[in-house]
Amino acid sequence: MTGEFLTCKDCDFEWHRKDGLACPICKNKSDTEITPEYEGGMFGTGKKPKRLALYYQAIGLIALVYLLYLVFGA
Ligand SMILES: [Zn+2]
């Protein structure tokens, strides 16, 4: 009788074996945890400013080289 039902060791939820071996509650929980993480990656302050700084650094370097070329090339 108990073999037909599975109990989650994380949230104590009990479900029938035919609904799947993974706990439906914890499965949903991990699904909703993925979304904020994904949005945090998209709008996070970690990567974008760094990339933008590199972009400006590259433009600054090119401008400097071009200025030196103008000064010493003329
Ligand atoms: Zn669970």
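This is a short walk through one protein chain, from its overall layout to four of its residues.

The model is a predicted one. The protein chain has 2 helices and 2 strands. Going along the sequence, the order is β-β-α-α. The protein chain has 74 residues, and buried residues make up 1% of them. Keep that figure of 1% for buried residues in mind as we go through the individual positions.

I will start with strand β1 and Leu6, which is found there. Is Leu6 buried or partly exposed? Leu6 has 17 other C-beta atoms within 10 Å, and a residue needs 20 or more to be buried, so Leu6 is partly exposed. Which residues does Leu6 touch, once neighbours within four places in sequence are left aside? The contacts are Trp15, Arg17 and Leu21. Leu6 also has a C-alpha to C-alpha distance of 9.7 Å to Asp19, with the two positions 13 residues apart in sequence numbering.

Next, the loop. Asp12 sits between β1, residues 5-7, and β2, residues 14-16. Its phi is near 65°, which is positive, and Asp12 is not a glycine. As background, most residues other than glycine have a negative phi. Why is Asp12 classed as exposed? Asp12 has 9 other C-beta atoms within 10 Å, and the limit for exposed is 12 or fewer, so Asp12 is exposed.

Now helix α1, which covers residues 24-43 and includes Pro24. Pro24 has 12 other C-beta atoms within 10 Å; 12 or fewer counts as exposed, so Pro24 is exposed. Setting aside neighbours within four places in sequence, Pro24 is in contact with Trp15 and Asp19. Trp15 has already come up, as one of the contacts of Leu6. Pro24 and Glu14 are 10 residues apart in sequence, and their C-alpha atoms are 9.4 Å apart.

The last residue is Cys26, also found in helix α1. Cys26 has 14 other C-beta atoms within 10 Å, which falls between the limits for exposed and buried, so Cys26 is partly exposed. What does Cys26 contact beyond its neighbours within four places in sequence? The partners are Cys8, Asp10 and Cys11. For Asp10, the C-alpha separation from Cys26 is 7.8 Å, and the two are 16 residues apart along the chain.

To recap, Asp12 and Pro24 are exposed, while Leu6 and Cys26 are partly exposed.

Note on methods: Residues are numbered from 1 along each chain as its sequence is written. This is a predicted model: local features need pLDDT of at least 70, side-chain atom pairs count only at pLDDT 80 or more; totals for chains, interfaces and linings use all residues. Helices (H or I, at least four residues) and strands (E, at least two) are DSSP runs, numbered from the N terminus. Two residues are in contact if their C-beta atoms, placed from the backbone, lie within 7 Å.
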